[in-house]
Amino acid sequence: MSESIQHIIETHRDKIFKTCLGYTGNVEQAKDLAQEVCINLWRGLEKFKGEAQIATWVYRITVNTCLMYRRKKRLPTVQIKAIQEAQMDTEMDTSNQQQDLQLLQKFIAQLPEKERIIIILYLENLSYDAIAEVTGLTNNYIGVKINRIKKLLTRKFKEHGRFKNNLE
C-alpha cells in the first residue's frame, strides 16, 4: 500500500464527515463518528488489498461504521443535514433554494435505510459500480433503486408545490 493513512484521511475528510452528519444529524456526533471512521480506516489499512479503489474502500468503512454506530446507539432516523454541502458548490442565496434543500433533506431522511445509503452515495457522485461495491448490491439493482428514488422525490416535491420544470 503506497498511500499513507494520513493522506487517505485528508483526501476523503469532507466526504467522511458529510456521510457521518447524514447519519447523526448532529455536528458534534458527526465529528465523533468521523474520528471513529478514521480509527477504523487506520486499523483496516493493513487488510486493504487494493482490490477496490481507495475511495470505495473509504466509503465502505464509513457506511459500516455509521451503521454500527446507529445500531449501538439505537438512533432514530434523523433529518439529513449534510446533503447541502455535497450538492451545492455555491452558497444558497435565496430562501426558495434554502426551502427546497430543507425539503429534500426531509424527504431523504424519510427513506428506508438502504435507499438512504444509496441516494447519499449517489449525491456524492459515486458511480453505480462504486455504490454497488460499497453496499454489496448489484449494479442493476442500484440503477433501478436510484431511478425509483428520483421518481419518489420528484413526486414528493410536486405534492408540496415545489417542483419546477426547467423547460417552463
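Let me begin with a term: a residue is called buried when its relative accessible area is under 20%, exposed when that area is over 50%, and partly exposed in between. With that cut-off in hand we can turn to helix H6, residues 113–123, where eight of the 11 residues are buried, so that the helix is largely enclosed by the rest of the structure. I should say at once that what you have in front of you is a predicted model, and everything I describe this morning should be heard with that in mind.

Before I stay with H6, a few words on the whole chain. The protein has eight helices and zero strands, and read along the sequence it therefore gives the pattern α-α-α-α-α-α-α-α. Of its 168 residues, 42% are buried, and the accessible surface comes to about 10,400 Å², with 47% of that surface belonging to carbon and sulfur atoms. If we take the contacts between residues at least 6 apart in sequence, 68% of them join residues that are at least 24 apart.

Now back to H6, and to the question of which of its residues are buried. They are Glu115, Arg116, Ile117, Ile118, Ile119, Ile120, Leu121 and Leu123, a list in which Glu115 and Arg116 stand beside isoleucines and leucines.

Let me take Ile117 in H6 as one example. Ile117 has a relative accessible area of 10%, which is under the 20% cut-off, and so it counts as buried. Leaving out residues up to four places away in sequence, Ile117 touches Tyr23, Val63, Leu67 and Thr135. Its C-alpha atom is also separated by 9.0 Å from that of Thr19, although the two residues are 98 apart along the chain.

The next point is how H6 meets H8. The axes of these two helices come within 10 Å and cross at roughly 90°, which makes H6 roughly perpendicular to H8. On the H6 side the residues involved are Lys114, Glu115, Ile118, Ile119 and Tyr122, and they meet Tyr141, Ile142, Lys145, Ile146, Ile149 and Lys150 on the H8 side.

Within that set I would draw your attention to Lys145, which is found in helix H8, residues 139–159. Is Lys145 buried or exposed? At 13% relative accessibility, Lys145 counts as buried, because the value is under 20%. When residues up to four places away in sequence are set aside, Lys145 touches Glu115 and Ile118, and with Glu115 there is a polar contact of 2.7 Å between the two side chains. Glu115, as I said, is itself among the buried residues of H6.

Moving along the chain past H6, we come to the loop between H6 and H7, where Asn125 lies. Here phi is near 65°, a positive value in a residue other than glycine. Most residues other than glycine have a negative phi, so a positive value of this kind is worth pausing over when one inspects a model. Asn125 is exposed, with a relative accessible area of 66%.

Helix H7, residues 128–135, comes next, and its buried residues are Ala130, Ile131, Ala132 and Val134. H7 is followed by Gly136, whose phi is also positive, near 80°. H7 packs against H8 at an angle of about 110°, with the axes 8 Å apart, and that makes H7 roughly perpendicular to H8. In this pairing Tyr128, Asp129, Ile131, Ala132 and Thr135 of H7 meet Asn139, Ile142, Gly143 and Ile146 of H8. Ile142 and Ile146 of H8 thus appear in the H7 pairing and also in the H6 pairing.

One further link to H8 comes from helix H5, residues 95–109, where we find Leu104. At 18% relative accessibility Leu104 counts as buried, and the C-alpha atoms of Leu104 and Leu153, which are 49 residues apart along the chain, are separated by 7.6 Å.

Finally, the cysteines. The structure holds zero disulfides. Cys38 is in no disulfide, and the nearest cysteine sulfur, that of Cys20, is 8.2 Å away; Cys38 is partly exposed, with a relative accessible area of 22%. Cys66 is likewise in no disulfide, with the sulfur of Cys20 as its nearest cysteine sulfur at 3.9 Å, and Cys66 is buried, with a relative accessible area of 0%.

How values were computed. Residues numbered from 1 in each chain as written. Predicted model: local features only at pLDDT ≥ 70, side-chain atom pairs only at ≥ 80, totals over all residues. Heavy atoms only, no water. Helix = DSSP H or I, 4+ residues; strand = E, 2+ residues; numbered from the N terminus. Buried < 20%, exposed > 50% of the residue type's maximum accessible area, 1.4 Å probe, protein only. Polar contact = N/O pair within 3.5 Å; in protein donor to acceptor, adjacent residues only side chain to side chain. Contact = heavy atoms within 4.5 Å. Areas by Shrake-Rupley, 256 points an atom, 1.4 Å probe, with all protein chains shown as cover. Disulfide = S-S within 2.5 Å. Axes fitted to C-alpha atoms, helices over the stretch in contact; angles between N-to-C directions. Parallel < 35°, antiparallel > 145°, perpendicular 65-115°, else oblique.
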